[in-house]
Structures are given as C-alpha cells and as structure tokens.
Amino acid sequence: MEYNTYYKGGLLITEDSQFSNDKYGITPELSTILQDLFFEINVNKVKSFTTKKIIKLIEQYPKCPQLKNYLAVAYQSRGERDKLNEINQQILIDHPDYLFGLFGLVTKQINENKFDEALTTLGSTLLLKDLYPDRDLFHLAEVLGYFKLVIMYYAGLGKLAEAEEVLQQMKEINKEHIDVEEAEGLLYDLRMKTSLNYLTNLNSKKKKRGINILENIPQITKPPKFNHTEINYLYANDITIEQELIHEILALPKQTLIEDLESLLKDAEFRFGHFYSLKDNKFLDFPLHAIFLLMELKSESSLPKILNFLKGDEEFLDFWLGDHITETLWQCLYKLAFNNTKALAAVLIDDNYYTFIKSTVSEALCQMALHNQHKQDEISDIYCATLNYYNASNFDEELIDKNYLGMLIGDVIDTNQKQLLPIIKELYEKDFVDTMVNGDFNYLKKAFDNLNVNYHKMDINNIFEIYENTTYNLGSNYYENEFQDWGSLEPIKADPKIGRNEPCPCGSGKKYKKCCI
C-alpha cells in the first residue's frame, strides 16, 4: 500500500495512521478499541478492571504490540514496577521491531545510570536508520519518539550541546508536535544547571516575543463539539456573566467539564482568525472564563495547556486577555502551579513567551513567597537560578528582554531577596535591565532598605471575587454601554488606554506596569 510520505532529517516519514495499522495488523475494530483504551488510560484513573481488560485483549490480539504498551502505561500509573519491567521485557521479545517497546527499557537504564546499556539499546550511532537498517519508512511518532529518547540519554550524561542539536532536528521535522515540547522539558534542569547560552543558538533574533498563531496554527471556522451544552453560556456572556450561570457550570461532572474548558482554549487558537475578523462581537471572553473555571476546579493537570495557550504573541494575547494579562491571570497561575513551580520556572527562561506573560508568571511566584513562608526558599532558588541563567549568557542586544528583566528584578525586591544584589548588579553593568522599571542600581539598593513586604502582598480571590473585581476595575466599557442606553444619564467615557510598556503619566519616570497601574 502507498502512503503519503516526505523526506526530512535523512528519513522517509509518513503521518498516515494506516501505516501502523498495516504493519501490526490492526483492524478497524481493534483501532476503535485502542482509541477507547487511550482515553481510559490517559484521562480516567487506571483501575484494576482496566488492566484485566487489557490482558484479555492481549490474549485475543497477541500480534498487537500497542496493547502491551498500554498495559505497561497502566502498570506505570499504578506504581507496579515489577509488572512494568516484566511487560517491557515481553514487548522486546515478542516485537523486536516495535520502536515504542524501547521506551520503557531505555528509561529504566537511564534512571539507573546504566548509560552504556542505554547506548547499546538505542544503537551505537544514535541514528534511527542504523538501528533498523532493513526499514525504509518510519512513522512521524516513531521518529520523534526515538529523538526524545536520545535527548534523555544526552541529558543524563549532562551533554547539553548534543541534546540541543537533536532537539533542533526534531523542530525542523515538526516543531508543533507534543514530543518536541516534552523533549524541551527534559532539558530544563540541564540548561539551568549549566547556565549555557541557549537563546543565542536560536535561529531567529527577532525582538517580538511569542508565537504568531495565524502563521503557526491551522485556522478553522467550525466550533468544537462539547460534552455539555452549558459551555455555550461562555460564548454568549462577557465578564459580567451572572453568578448563577457559573454555579450551574461548576456543578457539571468535573472531568468532562475540564475537557470542555480545555477545548475552549484550543478553540481560541484554531478560530483566532475567525473571531479576529468579526467586526462586531463583544462576547470574546470565553478563554478567560475557561482559565478562571479551571482555576476554581483546581485542575492542576490543565496547567500545561494553559501555558501553551499563553505562548501566543502580543496581538493574540491582547485580543483574548487584554489587561487581564497583568491584573488577574497571576492568581490563576498561583493556584494551578502552587504544587508545580517548576513549570513556571521554565517559563521565566523561555523566549517563546511574550514579555508580560513572563512577568505575570513571576508575579505569581512572588505572591507565593509573600503568602507562604514555607515556599520562600523554593521561590528564592528559582529567582536565583533565573538571574544566574541570564547573567551567565552572552546575549546580543537583539535577544535580551530588558523590560522583562526589570520587572523580574522588581519581584525580587518585593520578596526581599537582598542576597541576589551581586547578580543583579552584574546584570545592570551589562545593560541587561531597563532602568525605567526600578530605577538605576543605586536607587534599587535603597528600595531594599525601605521595603515593606506586606505592602506588596495582594489578595487571593475565589472565582466570584475575581469576576466582581474584574468587572469593577476593568469593565468600564461595559458600564459605558449600559449608561448610554439610559437617556437620563451622561455616558461614561473610558480614559485613553495607556500601554503597559509606556512611561507612567504620573511623572515618576517608571513604566506604567510597575507604577500607577
């Protein structure tokens, strides 16, 4: 059978799902079973009946390696290490050409620091075509999955340069694939540890931060299908939505509700062009509703999807979030990342994020430290590592985000981390810091001496308080429309909008974001 193929990275690649089906004899019936199992394992908690069901299916379809792989995933999620090792070995014996069978073994070898064994498993040349010399065609998932294992191997050895080279190859093949994102996550600790100049190795030296959604995400016009029709309330209501509707939505089954809310964020990406082209549509707050509701549901597993949504560029983020970027978003990140500060720490050194998203992430970390004494050392370590990262790198002037570093240092001041002054001084001496944010270095030192930590501690609100405060503080345009409908009242006109990055009109000389905003 012929498949749609293309040649990249020295390999002939296909993304045709029928390729795997033909290779492993997967019938349409079995394909449906595998899809259902994927959802059950990755979305629902793995229960004992799930593993029993998979075992029965393996007996029914012994030639299908995917079933054994799903069983391995189920054992892993249940913490059954002995059974996991046993099934991984069985996959390699029964299906020696099944590339995904290597994953469990290589991961185990690397975790046990058995790098010679891992190299033998991956092939001495670390080239996929040398590992399988009799194969001419590979599926995209196989190629990127193998590269991810190689990156794990290099990261375990502390070989950042080699790992970065493999990551670049992955990006050249398909930069939007989930395996690329996961592979990059594997390198976070190594990048921070070595403080190497990662950003200067990027091909692009554009000052503009964030991803151009219209250029990088295929645009559609068809809305998604939801589990709950109540989700449509979020399309039909702006930030002044009635509390009763929010209560009604929060009462829906949690897991399927979370799926729908995550779909809303995807819809904001895939239909950005559609909504952006509409001349008259005031109800564009559904991504905000989704983030607020995921926060209230304590859906910590949704954090990666929210952070991925926040990778958009300034135009995309201003369209969907506006002033919420600096005013309310930090509370959502505070709650969803409270037990996963590492995810926020990764954003602080990721140039894929818009300046004010990174500063909002820093704000969330800052408030964690101010509200929770037991988190202070953890947050201090993150700020120290981030400043060291920038200080140890030889950025050229096109790459450095001086405004962001100024705001980051402002949060360091607010959390009273005076021990970081020597690093901050070096950043100032390199002209890496925008002095409009906190003043020059001498002024900054005085700020530590006059610090009142409680002054910078902000309230942590629930979803209804956030809606109420948001409507009051950011919703003047909503009230303006109401008053214009009442003939007896003068219309309220909103003040001209001041950009977050512009000088504050109070005359302080500081940026608006760090002054009167």
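This section describes aromatic ring pairs and charges placed over rings in a predicted model.

The count of aromatic pairs comes to 25. One of them joins Phe-275 and Phe-286, whose rings are 5.3 Å apart centre to centre, with 55° between the planes, a tilted arrangement. Phe-275 belongs to helix H17 (residues 272-277) and Phe-286 to helix H18 (residues 286-296). With these positions 11 residues apart, the pair links distant parts of the chain. Phe-275 and Phe-286 are both buried.

A second contact from helix H17 is made by Tyr-276, which pairs with Phe-319 of helix H20 (residues 314-320). The ring centres of Tyr-276 and Phe-319 are 5.4 Å apart and the planes stand at 55°, so this pair is also classed as tilted. Tyr-276 and Phe-319 are 43 residues apart, and their pair likewise links distant parts of the chain. Tyr-276 has a relative accessibility of 41% and therefore counts as partly exposed. Phe-319, at 23%, counts as partly exposed because the limit for a buried residue is under 20%.

The four residues of these two pairs fall within one aromatic cluster, which comprises Phe-226, Tyr-235, Phe-272, Phe-275, Tyr-276, Phe-286, Phe-309, Phe-316, Phe-319 and Trp-320.

Charged side chains over ring faces were also identified. Arg-135 lies over the face of Tyr-132, at a distance of 5.8 Å from the ring centre. Lys-358 is placed over the face of Tyr-404, and here the distance to the ring centre is 4.2 Å.

Notes:
Residues are numbered from 1 along each chain as its sequence is written. This is a predicted model: local features need pLDDT of at least 70, side-chain atom pairs count only at pLDDT 80 or more; totals for chains, interfaces and linings use all residues. Side-chain values use heavy atoms; hydrogens and water are left out. Rings of Phe, Tyr and Trp (its six-membered ring) pair if their centres lie within 6.5 Å; planes under 30 degrees apart count as stacked, over 60 as edge-to-face and the rest as tilted. Helices (H or I, at least four residues) and strands (E, at least two) are DSSP runs, numbered from the N terminus. Buried means under 20% relative accessible area, exposed over 50%, partly exposed in between (1.4 Å probe, protein chains only). A charge sits over a ring if NZ of Lys or CZ of Arg is within 6 Å of the ring centre and within 35 degrees of the ring normal.
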